[in-house]
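Dear colleague,

I am passing on the model we discussed, with the notes I made while going through it. Please read them beside the structure below.

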Amino acid sequence: VISLLVICGVDAMSQITAIKAGKLLDPESGTIAANQIILVEAGKIRAVGAGVPIPKDANVIDLSNSTVLPGLFDAHSHLCQMTSPDNRDLFTTDIRQTTSYRAIIGVKSAREYLDSGFTTVRDVGNNSNYADTAVRQALANSLVPRPTIINAGRIIAPFGGQYHLQPERRELGNPEYIFADTRDEMVKA
């Protein structure tokens with residue numbers, strides 16, 4: 001099974017690409033259509049159907065022996081987090097890593113998502129000092145192939161909402177969290 005938008009990477013964004021799909025999954029209708037042509041121009045799907053003419057200057061991707069589906073969405077991810085086999089405690093792993101290192105992890109994770117068929121990723125936080133925002137900005141400038149990223153930035157949460165920190169060590173939540181316990185603190189955050 002091939003995810004449709006994954007195969008239309010950065011190089012194909014400026015030209016016309018015709019994808020010959022042996023089978024095309026339509027999740028909205030729950031159907032599978034055979035022998036379809038998908039015409040992609042400037043990164044947008046322009047036409048889909050069995051009789052779509054292929055322009056002679058198009059880049060043709062022959063997936064006539066494959067099933068093609070729309071890109072997948074992950075609605076809860078943490079692109080800039082990576083634990084090791086010997087330390088699966090996200091909190092103590094995170095606070096030992098710099099924001100720049102976490103951004104590199106984010107680029108690697110974004111590519112892995114794309115290679116797995118995910119064309120949109122919603123990142124919900126735990127990304128140091130806006131590493132997820134830096135990754136989204138860099139990838140949006142086509143530095144590397146990437147999924148669309150919708151990111152949260154720093155998490156706004158009540159103190160102790162996710163991690164039970166010692167009250168006298170509130171700084172351990174920085175820069176992952178902006179703690180806000182009241183309405184006024186939420187507005188300020």
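How much area does the protein chain expose, and what percentage of it do carbon and sulfur atoms supply? The exposed area is about 11,000 Å², with accessible areas taken from the Shrake-Rupley method with a 1.4 Å probe and, for residues, only the protein chains shown counting as cover; carbon and sulfur atoms supply 54% of it.

This is a predicted model, in which local features need pLDDT of at least 70 and side-chain atom pairs count only at pLDDT 80 or more, while totals for chains, interfaces and linings use all residues. Residues are numbered from 1 along each chain as its sequence is written, and side-chain values use heavy atoms, with hydrogens and water left out.

The protein chain has 4 helices and 10 strands, these being DSSP runs numbered from the N terminus (helices H or I, at least four residues; strands E, at least two), and along the sequence they follow the pattern β-β-β-β-β-β-α-α-β-α-β-β-β-α. Of contacts (heavy atoms within 4.5 Å) in the protein chain between residues at least 6 apart in sequence, 62% join residues at least 24 apart.

An open sheet of 3 strands has the order β6-β7-β8 with parallel pairing, where two strands pair if DSSP finds at least two bridges between them. Its edge strands are β6 (72-77) and β8 (148-151), each of which pairs on one side only. β6 and β7 (residues 118-123) pair in the parallel sense over 4 bridges, and L72 stands opposite F118 in β7.

Two helices lie across this sheet's strands: α2 lies across β6, β7 and β8 and runs at about 140 degrees to β7, whereas α3 lies across β7 and β8 and runs at about 150 degrees to β8. The axes are lines fitted to C-alpha atoms, for helices over the stretch in contact, and angles run from 0 to 180 degrees between N-to-C directions.

Buried residues (under 20% relative accessible area, 1.4 Å probe, protein chains only) make up 38% of the 189 residues in the protein chain. The largest nonpolar core, meaning buried Ala, Val, Leu, Ile, Met, Phe, Trp, Tyr and Cys residues joined through side-chain atoms within 4.5 Å, has 10 residues, including L79, Y113, V121 and L139. The elements giving two or more residues to this core are α2 (99-115) and α3 (131-140). Apart from it lies another core of 8 residues, among them A21, I38, V40 and V68.

With best regards

Note on methods: Buried < 20%, exposed > 50% of the residue type's maximum accessible area, 1.4 Å probe, protein only.
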